[in-house]
Amino acid sequence: MTESLILRELLAAGEGWVSGGAIAHKLGVSRVSVWHQMEKLRSQGFAFEAQPARGYRLSRLPERLHPGLVEAQLKVRRKGFTFEVLDEVDSTNDECARRLAAGRSAPFAVFAQKQTKGRGRFGRVWHSESSGNLYSSFAFRPRLQPERMQTFTLWMGVTICELVAKFVPVVPGVKWPNDIVFDGKKAGGMLTEARVDADQIRDLVFGLGLNVNSPPADWPAELGRRAVSLSELAGQNLDLNRLTAALIGRVLLAYERFADGEHRATFAGLWNKYDVLRGRNVTVVEGGHRRHGRVLGIDDAGSLLLRDDKGRTQGFRAGEVTVEKGS
């Protein structure tokens, strides 16, 4: 894509200048074509300085998610992988599922500036206004046995924590089974959905919603009390496009390592590093039943291990977890 190639040259130059003629020569296009592309980028929120005999340099980047800017910052490009940024969609997970059902080749990803029907576990609404947050879904065709996928979301959770820790000065954590949290406040949620064909998983969609730059004032009052954005933690807005490019690389590598079984060597250590429930007294609600106990961690199948006051240990494959006060 000419757009992303131009942006890659300008980003690589930093505060230096890039000759329009040099860009045209490298891309095999005319200088007029480069000028037209620069004007298009201006209309999309970019700003440039331009000087005769020196060329161009970037002076401002758009705050909104921009596909060309994401593409320009990808450090690793997986063969066959594509992604798209939509202005609005009902749900990125649903959009990926529709495209897989229509025969779209995988892997691919869908990002959205806004979701009208964003959702989390148990069909809950995920607040998804257009306010600088990240709404994303990645689609795969793993052809793996269903039992192999039991720890997939947990593995992706620690992968996301490893990434986020590079952007904010506060250590993130994973609240089993699918929340990214900081000191009890939720910054992100994951939703993995699969379609099973015979004894194999045919389609797999991994969704991630992450509060990046949304100001707390934009959230409903109840949500504001239990949610946090990365910009709050960092004390400034983050570069959403740089974060997205880094996320793509991390998710694709993590998926490959999971599919190959290579994740097993590091998963337990990473889970212990980011698990926020271990040693805490919690209540687990599963199928209408409430269980109280102290969290011991997870087992090899990703089940939450809970020891009750009588010393009995029980594993939970699913459920809603609430940390008890004073724990």
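1. The overall dimensions come first. The chain has 327 residues, for which a compact globule would have a radius of gyration near 20 Å; the value here is 22 Å, so the two agree. This is a predicted model. The C-alpha atoms fill a box of roughly 80 × 45 × 35 Å along the principal axes.

2. Next, the make-up of the fold. The chain holds ten helices and 14 strands. Of contacts between residues at least 6 apart in sequence, 62% join residues at least 24 apart.

3. Burial and surface. Buried residues account for 46% of the 327. The accessible surface is about 16,200 Å², and carbon and sulfur atoms contribute 48% of that.

4. Charge. There are 47 positive and 37 negative side chains. The centres of the two sets lie 2 Å apart.

5. Strand 12 deserves a look. It spans residues 304–307. Leu304 and Leu306 point to one face and are buried. Leu305 and Arg307 point to the other face and are not buried. In a regular strand, side chains alternate between the two faces of the sheet.

6. Strand 12 pairs with strand 11 (residues 289–298) in the antiparallel sense, over four bridges. Isoleucine 298 stands opposite leucine 304. The two strands form a hairpin with five residues between them. Glycine 302, in that turn, has a positive phi of about 85 degrees.

7. Strand 12 also pairs with strand 13 (residues 313–316), antiparallel and over four bridges. Here leucine 304 stands opposite phenylalanine 316. Five residues again separate the strands of the hairpin. Glycine 311 in this turn has a positive phi of about 85 degrees.

Terms used: Residues numbered from 1 in each chain as written. Predicted model: local features only at pLDDT ≥ 70, side-chain atom pairs only at ≥ 80, totals over all residues. Heavy atoms only, no water. Rg over C-alpha atoms; globule rule 2.2 N^0.38 Å. Buried < 20%, exposed > 50% of the residue type's maximum accessible area, 1.4 Å probe, protein only. Contact = heavy atoms within 4.5 Å. Areas by Shrake-Rupley, 256 points an atom, 1.4 Å probe, with all protein chains shown as cover. Lys, Arg positive; Asp, Glu negative; His and termini not counted. Charge placed at Lys NZ, Arg CZ, Asp CG, Glu CD. Pairing = 2+ DSSP bridges.
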